[in-house]
Amino acid sequence: MKNFGLLFVCLSVIGAPHSRVWAAEVEYPIILVPTGSDTYTFPEGYQTPWDQVQIRVTEKLSPNLFVLHGSEGLDRLHPDASGGRVMVLFGPDGVLLVDTQGRQVADKTLAAIRTFSDGPIKVLVNSHIHPDHSGANAFFANQGAVIFGQENLRLDMINPQDVNGQPASPRHPAAVPVVTYQYDASTPGKPAVTLHMNGETVDFIPMMPSHTAGDTVVRFRNANVIYIEDFYRNVGYPYAAQRRGGSIKGMIEAIDLFQSIAGPDTWLIPGHGTLIRKDDLLPYRAMLVDILARVTALRDEGKSLEEVLAENLTAPYEQTTQGDTRRSKDRFITAVYDEVKDFPPIVNGSRTMPTHP
Ligand SMILES: [Zn+2]
C-alpha cells in the first residue's frame with residue numbers, strides 16, 4: 001500500500017511539470033533577435049559595410065521553419081535589420097527558401113542555413129524582385145534551387161528598366177525564376193502552387209499588383225504563418241514600387257484579402273519590421289485610405305506635387321510610425337500623387353512612371 005502510494009506521487013510529479021515544460025517549448029514564434037527600434041542616422045555619403053553585416057536566425061516559427069535576418073544599425077535602407085527576411089523550411093525533403101537576402105551576403109546566408117540544416121537547397125520562391133529579397137537568386141540556383149515566382153517578376157528581370165524608363169542590364173540568367181504563375185483577379189487568395197515538404201503544406205499565393213506587380217505571399221499551413229513581404233511595413237511609410245508595377249490601391253486590396261486568408265492567430269511575417277497579426281493591418285489600411293482621399297482632393301484642386309508634399313499629410317501618423325524619414329514620407333506621398341491620375345499600365349512587369357525633378 002505504501003509503495004503504491006509512493007508510485008502514484010512519483011507519476012504525478014513527473015507527469016504534471018513535464019507537460020508544462022513541453023507546452024512552453026512549443027510556444028511559437030520564438031523571437032531570438034528582436035528587430036532594432038532606435039532612431040538611426042547615417043552620415044552623408046554613407047555606404048553599407050556589407051562585410052560587417054551578419055546574417056542570423058532571428059525567429060523560429062516551428063521546429064523546422066526559421067527566419068534569417070541581417071544585423072541592426074548598418075544597412076542604410078533597412079537600419080532596424082539589414083536586408084529582407086528569409087524564411088527557411090528544412091528537414092528530410094531538403095531546404096525550401098522564401099527569398100535570399102542580397103547578393104553581397106549570399107555566403108553568409110548559406111552559412112546561417114548550414115548552422116541548422118545540411119540538407120540540399122531545393123526550392124526558392126521570390127516574394128518580389130527587389131534585390132534585398134532576390135539578389136542572391138543566382139547563388140542559390142547554383143546551390144541547386146529551382147526558383148519559383150510570378151510571371152511579372154520574371155518579365156521584369158529579363159526586361160529591366162532604369163529610373164528613366166530606359167532598358168537596363170538584365171539579371172544573370174540563373175537568377176530568373178523557371179517556374180512561373182500569374183495572379184488571377186477572379187480568384188484572389190488561391191494558391192498557384194502547393195508543395196508538401198518536411199511535414200508542411202506550403203502555398204505560394206500570387207498577389208494583385210501591390211508592393212510590385214510580381215508579389216507572392218507564402219503560407220505555411222501547419223505553422224499557421226504567412227510571409228507577407230513588403231506590401232505592409234512598420235518601419236517607415238508604405239512603399240508601392242510603382243515602377244515595378246506596384247500600386248497603393250492594390251496594397252489596400254492586399255490587406256482586405258488578408259482579412260479572409262489569415263486567421264486571428266496567424267502570424268504574418270513582413271519582409272522588414274516586426275511580426276504582426278491581421279488586425280495590425282487595419283490602422284495601416286486606414287492611413288492608406290485617408291492619405292489617398294486627401295491627395296486625390298488636393299490633386300483635383302490642381303495642386304502640384306511640391307504643394308502636396310508641403311502639406312505634410314503624414315503628420316497625424318508621425319507618433320506611430322517608426323523610422324519616418326523624409327525620404328520615406330515623400331516617396332509615399334509622391335506615389336499616391338502619381339497613382340490618382342494618369343496611372344500607367346503594367347507592361348512586362350513594370351510601369352513607366354513620370355520622373356520628378
Ligand atoms: Zn524588402
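Two strands are taken to pair if DSSP finds at least two bridges between them. On that basis, the predicted model holds an open sheet of five strands, ordered S9-S10-S11-S12-S13, with mixed pairing. Strands S9 (193-197) and S13 (267-270) form the edges, and each pairs on one side only. Neighbouring strands of this sheet are turned by 20 degrees against each other on average, direction ignored.

At one edge of this sheet, S9 and strand S10 (residues 200-206) run antiparallel and share five bridges. Valine 193 lies opposite phenylalanine 204 of S10. Methionine 197 has glutamate 200 of S10 as its bridge partner. The hairpin of S9 and S10 has two residues between the strands. In this hairpin, asparagine 198 adopts a positive phi near 55 degrees.

The chain as a whole contains nine helices and 13 strands. Its radius of gyration is 22 Å, close to the 21 Å that the globule rule gives for 357 residues, so the chain is as compact as a globular protein of that length. Along the principal axes, the C-alpha atoms fill a box of roughly 95 × 50 × 45 Å. Of the 357 residues, 44% are buried. Contacts between residues at least 6 apart in sequence were also examined: 66% of them join residues at least 24 apart.

A further open sheet comprises eight strands in the order S1-S2-S3-S4-S5-S6-S7-S8. Its pairing is mixed. The edge strands are S1 and strand S8 (179-181), each paired on one side only. Two helices pack on this sheet. Helix H2 (residues 106-113) touches S2, S3, S4 and strand S5 (95-98), and its direction makes about 45 degrees with that of S2. Helix H5 (residues 151-158) touches strand S7 (146-150) and S8. The direction of H5 makes about 105 degrees with that of S7.

Within the eight-strand sheet, strand S4 (residues 86-89) pairs with strand S3 (residues 65-70) in the antiparallel sense, over four bridges. Phenylalanine 66 stands opposite valine 88 of S4. Valine 67 has methionine 87 of S4 as its bridge partner. S4 also runs antiparallel to S5, to which three bridges join it. Here methionine 87 faces valine 98 of S5. Methionine 87 thus has a partner in S5 as well as a bridge to valine 67. The hairpin of S4 and S5 has five residues between the strands, and glycine 91 takes a positive phi near 155 degrees in it.

The side chains of S4 alternate. Val86 and Val88 point one way, Met87 and Leu89 the other way, and all are buried. In soluble globular proteins, nonpolar side chains tend to be buried together. The largest nonpolar core of the model has 79 residues. Met87, Val88, Leu97, Val218 and Ile269 touch the most other members of this core. Two of these names, Met87 and Val88, belong to S4.

Valine 218 was examined in more detail. Leaving out residues up to four places away in sequence, valine 218 touches Met87, Val98, Val125, Ser127, Val202, Phe204, Ile226 and Tyr227. Among these contacts, Met87 and Val98 are the residues that stand opposite each other in S4 and S5. Phe204 is another contact of valine 218, and this phenylalanine lies opposite valine 193 in the five-strand sheet.

Helix H2 has a buried side and an exposed side. Its buried residues are Ala106, Thr109, Ala112 and Ile113. Seen down the helix axis, they fall within an arc of 125 degrees, so they line one face of H2. An α-helix has 3.6 residues a turn, so residues three or four places apart point the same way. On the other side of H2, Asp107 and Ala111 are exposed. The cover over the buried residues of H2 includes S2, S3, S4, S5 and helix H4 (137-142).

Glutamine 52 offers a contrasting environment. This residue is found in the loop between strand S1 (30-31) and strand S2 (55-62). A residue counts as exposed if 12 or fewer other C-beta atoms lie within 10 Å of its own. Glutamine 52 has 11 such atoms and is therefore exposed. Glutamine 52 and aspartate 75 are 23 residues apart in sequence, and their C-alpha atoms are 9.9 Å apart in space.

Key
Residues numbered from 1 in each chain as written. Predicted model: local features only at pLDDT ≥ 70, side-chain atom pairs only at ≥ 80, totals over all residues. Core = buried A, V, L, I, M, F, W, Y, C linked by C-beta atoms within 7 Å. Buried ≥ 20, exposed ≤ 12 C-beta atoms within 10 Å, placed from the backbone. Contact = placed C-beta atoms within 7 Å. Axes fitted to C-alpha atoms, helices over the stretch in contact; angles between N-to-C directions. Arc of directions from axis to C-beta. Rg over C-alpha atoms; globule rule 2.2 N^0.38 Å.
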